[in-house]
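Here is a short note for a colleague who is opening this structure for the first time. Please read the points with the model in view.

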Amino acid sequence: MELKVWIDGHLVPQNDAKISVYDHGLLYGDGVFEGIRQYNGRIFEKEAHLKRFWNSAQAIRLPMPYTADQLGKALDETCKANGFEDCYIRMVVTRGIGTLGISPANCKRASVFIIADKIQMYDKELYTRGMAIITASTIRSHPNSLSPRIKSLNYLNNILAKWEALDAGVPEAVMLNHLGYVCECTGDNIFIVKDGELLTPSEESGILVGITRQVVIDLAQAAGIPLRQGNLTRYDLYTADECFLTGTGAEVVPVTKIDNREINNGVVGPITKKIMEAFHQKVRAG
Ligand code: PMP
């Protein structure tokens, strides 16, 4: 079945959904995006995604050609047009068509498109068995270079780390920041459990402030699980009692091996299971 894609106010067949080769989103990665989920016919954490989208655009000085209300409606419209109740949505804004020079001043109007589709980030069995990850030698972008808080169309930093994971035969890599502290994975945030406490790198670590991360923080609080945000080292990962990753695409996925060190003897731990369960309940409830 050919999907319908929303481009600048029109729903067009997937094969006609095209962007100019002069679009600076393609030429220079000049644009920002969101990955969003729809569960049970509802856009999950819609406000948070729209807010981050706007903040990303504001940070790169990209005037949004629509209101948040218009794009919020467009998200629902795109899911509906494709008959989806549960799907993954990619919403992208590019600088638009310009000349071959880098200057964004030549781009007259930003372009927005929305794709609704299915996604399977990791094999299903990894959600019960746990995943092996490595630490990448490629560090996360320095926050004063390109802030990782901007969900930009330039993912090369993460892609280079992803190559390292694939070369090592694992699905994901954790990246350190410019100071050598644990930052995040190429497309997910990371949590560990130590002595009953949940630990995750703080916003200052140079992470993309994940929406799933925030949902998990709230769920942990509601469940009375103590949580601390701060600097984590590779040693902290290796000696963790439990570890899991969070992301819109990944949801909550357990990690049972890091750089060939088994975590909890390679078994998914009880707090991870509790968080996964609470997360699935929450997404179903809306
Ligand atoms: N970090 C990076 C680098 C990401 O690309 C993502 C999203 N795929 C995340 C973390 C998780 O963020 P969210 O929970 O908002 O999807």
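**Notes on packing and pairing**

Helix 2 and helix 3 are oblique to each other, and the points below start from that pair; please keep in mind throughout that the model is a predicted one.

1. The oblique description rests on the axes of helix 2 (residues 46-59) and helix 3 (residues 68-81), which cross at roughly 125 degrees and come within 11 Å. Because angles of 65 to 115 degrees count as roughly perpendicular and those over 145 as roughly antiparallel, an angle between these ranges is called oblique. The crossing in which helix 2 passes helix 3 is right-handed.

2. As for the residues that make this contact, helix 2 contributes Lys-46, Leu-50, Phe-53 and Trp-54, while helix 3 contributes Ala-68, Leu-71, Gly-72, Leu-75 and Asp-76. Sorted by class, the contact of helix 2 with helix 3 has six nonpolar residues, one polar residue and two charged ones.

3. Turning to the strands, the model has an open sheet formed by six of them, with the order 2-1-6-5-3-4 and antiparallel pairing. Its edges are strand 2 (10-13) and strand 4 (42-43), each of which pairs on one side only.

4. At the strand 4 edge, the antiparallel partner is strand 3 (residues 31-39), and two bridges join strand 3 to strand 4. Across this pairing, Tyr-39 stands opposite Arg-42 in strand 4.

5. How many aromatic pairs does the count come to? The count comes to six. For Phe-44 and Phe-279, the ring centres are 6.1 Å apart and the planes stand at 85 degrees, so this pair is edge-to-face. The pair links distant parts of the chain, since Phe-44 sits in the loop between strand 4 and helix 2, whereas Phe-279 belongs to helix 8 (residues 270-285), 235 residues apart.

6. Helix 8 also takes part in a helix contact, for its axis and that of helix 6 (residues 211-222) come within 10 Å and cross at roughly 110 degrees. Helix 6 is therefore roughly perpendicular to helix 8. On the helix 6 side the contact is made by Thr-212, Val-215, Val-216, Leu-219 and Ala-220, and on the helix 8 side by Ile-275, Ala-278, Phe-279 and Lys-282. By class, the contact of helix 6 with helix 8 comprises seven nonpolar residues, one polar and one charged. Phe-279 is thus worth locating in the view, as this residue is listed in the contact with helix 6 and is also paired with Phe-44.

How values were computed: Residues are numbered from 1 along each chain as its sequence is written. This is a predicted model: local features need pLDDT of at least 70, side-chain atom pairs count only at pLDDT 80 or more; totals for chains, interfaces and linings use all residues. Side-chain values use heavy atoms; hydrogens and water are left out. Axes are lines fitted to C-alpha atoms, for helices over the stretch in contact, and angles run from 0 to 180 degrees between N-to-C directions. Helices (H or I, at least four residues) and strands (E, at least two) are DSSP runs, numbered from the N terminus. Angles under 35 degrees count as roughly parallel, over 145 as roughly antiparallel, 65 to 115 as roughly perpendicular and the rest as oblique. A crossing is left-handed if the near helix is turned anticlockwise from the far one by less than a right angle, and right-handed if clockwise. Contact means heavy atoms within 4.5 Å. Ala, Val, Leu, Ile, Met, Phe, Trp, Tyr, Cys and Pro count as nonpolar, Asp, Glu, Lys and Arg as charged, and the others, Gly among them, as polar. Two strands pair if DSSP finds at least two bridges between them. Rings of Phe, Tyr and Trp (its six-membered ring) pair if their centres lie within 6.5 Å; planes under 30 degrees apart count as stacked, over 60 as edge-to-face and the rest as tilted.
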